[in-house]
Amino acid sequence: VKATRHAAYATACALVLTACVTPATGTDSYRGKASASIEAAISEVETTRIAVDALLDDRIMVPYADVTITAAESALGAISAAFGSVQPPDDPQADELRETVTALVDAAEEAVTDARIASRRPQQAGLQDALTTLDDVARELDAAEVELR
Amino acid sequence: MKRLFAVALGILTAIGGFVDIGDMVTNALVGSRFGLSLAWVVVTGVIGICVFAEMSGRVAAISGRPTFDLVRERLGPRVGFANLVASMAVTLLTFIAEIGGVALALELASSVNYLLWIPLAGFAVWLVLWRVKFSLMENVFGLLGLSLIVFAVAVWQLGPDWSTLWNDASRPSVPASEDAPTYFYYAVALFGAAMTPYEVFFFSSGGVEERWGPRDLTIMRTNVLVGFPLGGVLSVAIAASTALVFLPVGVQVDTLGQVGLPVAVSLGKVGLAVALIGFFAATFGAACETGLSVGYSISQYFGWQWGKYVRPREAARFHVVLLLATITGIAVLLTTVDPVKVTEYSVVFSAVALPLTYFPILIVANDPDYMGEKVNGRVANALGSVYLVLVLAAALAAIPLMILTKAGQ
């Protein structure tokens, strides 16, 4: 019984520790969190790009693309919320970084939302526009990621 | 001819039944982040599961009793209980993940939210567990699971540079974009996914359900030694497909929808439809296997009548356990917990439970009272001992690595 209790306690601790969002303790740490947010946003934007590209080429079913893009949109919302909840250090550079990353992630979310709306409509023009916007956002995110390395 | 058909069917179902939601998600995720640099873990895991599945299958064929029926008798109630708690907790978690996987596959096919599919998926799984014959269930979902071969076709169609892929796979190293703890965290997760405890629970109990005897040893060994490695090839194909399509553009897999995207890119709608059938069959089949494994483990520990080879009324407590496990699975998933996250945790906790699952098999397979002349030979014991060290190392490393890497972030 004692061993079982210890195992349960260890498991609970592990789950709590892995689920925690640690506060940024300095500008470097904050840059690390910003970089992780940008990387995660790139992942979602690129997923949407692949799905939209496949839709334009008629290589994917609409429900499948819809679910995949909607998931990317939700993930971007979560990324934005998680980064927004981190308290930046008392440093003007950190404030500037916060503004840049928040704007980029918000732009990514908006582009993915446009793609989701276009994917549910029959016209291809909307999808093509969405793909162009996604390309632009992806380029900006890539540039930000390189800068943050 | 009939025997040849039985061997072929056994191999095909072993291939198709090898991959479950844990294998699909973990391999796709690892491929998208690490390329094929962790393929060695899949190979190691497949050899390990072959070693212990052969042992537990041999125990079932020779003694007519599943391995874990003998664990309590041979090692006593304390060890038996530790074995029961550890492996059953992980199997239940895997069962929940598989039902979630069925719902996610249905969502991808219909775009109806997966939460609405969960009660239906859970009910369908329970109905199959209650009504459908064991062999029919195993063969249908095993054969449909072969649809996942579409990932190997997709990789071929993508026209990769095979020498680069081979170099990545044969010279494992930590990619520049990742750190060593994260690399080893996913190594442990892949190992846990390949050697997940329910596979031996199901394999040995399934042998009793199908009334294996000593003359079935050859068929059993062929299924294990040919079917499982070919199933491992499917796992590597999934990793290769995401490595080719996602790694260059920085996509990290965290949904089932992403797992199938490389197939759409490579083979279009027809390929994607086949992949969807594979997702459904693999998760539904594994949900049945894990659900049954929960029932098997509890019933065998308490000495209740168990199995689908008797009528439900004769194994009433076994079927009550199946029903309660299904209700628990549905209830947990309806809390809106992400099934993919459940999967990710289940494969890591699977690694934690491995020693408690595999150590007793080694003991029982060496006991001449149960096995007679068919006790482990030198090769089986040498491999079994090496793998015990490996599973112990994986079990000890799993939780610290999980904390250190924030679950692989």
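Trainee: Let's start with an aromatic residue of this predicted model: is B:Phe284 buried or exposed?
Mentor: Happy to! The relative accessible area of B:Phe284 comes to 5%. The cut-off for burial is under 20%, so B:Phe284 counts as buried.

Trainee: How do the rings of B:Phe280 and B:Phe284 meet: stacked, tilted or edge-to-face?
Mentor: Searching the whole structure gives 22 aromatic pairs over all chains. One of them joins B:Phe280 and B:Phe284, with 5.4 Å centre to centre and 40° between the planes. Planes under 30 degrees apart count as stacked and over 60 as edge-to-face, so this pair is tilted.

Trainee: By how much of a helical turn are B:Phe280 and B:Phe284 separated?
Mentor: Both residues belong to helix 12 of chain B. Their positions there are four residues apart, so the separation is about one helical turn.

Trainee: Which class of accessibility does B:Phe280 fall into?
Mentor: B:Phe280 has a relative accessibility of 28%. Buried would need under 20% and exposed over 50%, so B:Phe280 is partly exposed.

Trainee: Which parts of chain B does the pair of B:Tyr296 and B:Trp306 tie together?
Mentor: This pair is edge-to-face, with 5.2 Å centre to centre and 80° between the planes. B:Tyr296 and B:Trp306 are both buried. The pair ties together parts 10 residues apart in sequence, because B:Tyr296 and B:Trp306 lie, respectively, in helix 12 and in the loop between helix 12 and helix 13.

Trainee: Which residues form a cluster linked by ring pairs?
Mentor: Here the ring pairs join up beyond a single couple, and the cluster lies in chain B. Its members are B:Phe34, B:Tyr183, B:Phe184, B:Tyr185 and B:Tyr186.

Trainee: How far is the charged end of B:Arg72 from the ring centre of B:Tyr301?
Mentor: A charge sits over a ring if it is within 6 Å of the ring centre and within 35 degrees of the ring normal. B:Arg131 lies over the face of B:Trp130, at 5.3 Å from the ring centre. For B:Arg72, whose charged end sits over the ring of B:Tyr301, the distance is 4.7 Å.

Trainee: Are helix 7 and helix 12 of chain B roughly parallel or antiparallel?
Mentor: Helix 7 (residues 150–157) and helix 12 (residues 256–302) of chain B pack with their axes 9 Å apart, at an angle of about 170°. Angles over 145 degrees fall into the antiparallel class, so helix 7 and helix 12 of chain B are roughly antiparallel.

Trainee: How many charged residues does the contact of helix 7 with helix 12 of chain B have?
Mentor: From helix 7, the contact includes B:Val150, B:Phe151 and B:Gln157, while helix 12 brings residues including B:Gly260, B:Ser266 and B:Phe279. By class, 10 are nonpolar and four are polar. The count of charged residues is zero: there are no charged residues.

Trainee: Which residues does B:Ser350 touch, not counting residues up to four places away in sequence?
Mentor: B:Ser350 is placed in helix 14 (residues 339–365) of chain B. Its relative accessible area is 0%, so B:Ser350 is buried. Beyond its sequence neighbours up to four places away, B:Ser350 touches B:Val90, B:Gly192, B:Thr196 and B:Pro197.

Trainee: Which residues of chain B is A:Thr68 in contact with, leaving aside neighbours within four places in sequence?
Mentor: A:Thr68 sits in helix 3 of chain A, and its relative accessibility of 3% makes it buried. With those neighbours left aside, A:Thr68 has contacts that include A:Thr47 of chain A. From chain B come B:Leu108, B:Gly257 and B:Leu261.

Trainee: Where is A:Asp58 found?
Mentor: A:Asp58 has a positive phi of about 60°, although it is not a glycine. Its place in chain A is the loop between helix 2 (27–56) and helix 3 (62–84).

Trainee: Is B:Ala407 buried or exposed?
Mentor: B:Ala407 also is not a glycine, yet has a positive phi of about 60°. Its place is in the segment after helix 16 (378–404) of chain B. With a relative accessibility of 17%, B:Ala407 counts as buried.

Trainee: How many strands are there in chain A?
Mentor: The elements of chain A run α-α-α-α-α from the N terminus on. That makes five helices, and the number of strands is zero.

Conventions
Residues are numbered from 1 along each chain as its sequence is written. Chains are lettered from A and ligands numbered from 1 in the order in which they are written. This is a predicted model: local features need pLDDT of at least 70, side-chain atom pairs count only at pLDDT 80 or more; totals for chains, interfaces and linings use all residues. Side-chain values use heavy atoms; hydrogens and water are left out. Axes are lines fitted to C-alpha atoms, for helices over the stretch in contact, and angles run from 0 to 180 degrees between N-to-C directions. Helices (H or I, at least four residues) and strands (E, at least two) are DSSP runs, numbered from the N terminus. Angles under 35 degrees count as roughly parallel, over 145 as roughly antiparallel, 65 to 115 as roughly perpendicular and the rest as oblique. Contact means heavy atoms within 4.5 Å. Ala, Val, Leu, Ile, Met, Phe, Trp, Tyr, Cys and Pro count as nonpolar, Asp, Glu, Lys and Arg as charged, and the others, Gly among them, as polar. Rings of Phe, Tyr and Trp (its six-membered ring) pair if their centres lie within 6.5 Å; planes under 30 degrees apart count as stacked, over 60 as edge-to-face and the rest as tilted. Buried means under 20% relative accessible area, exposed over 50%, partly exposed in between (1.4 Å probe, protein chains only).
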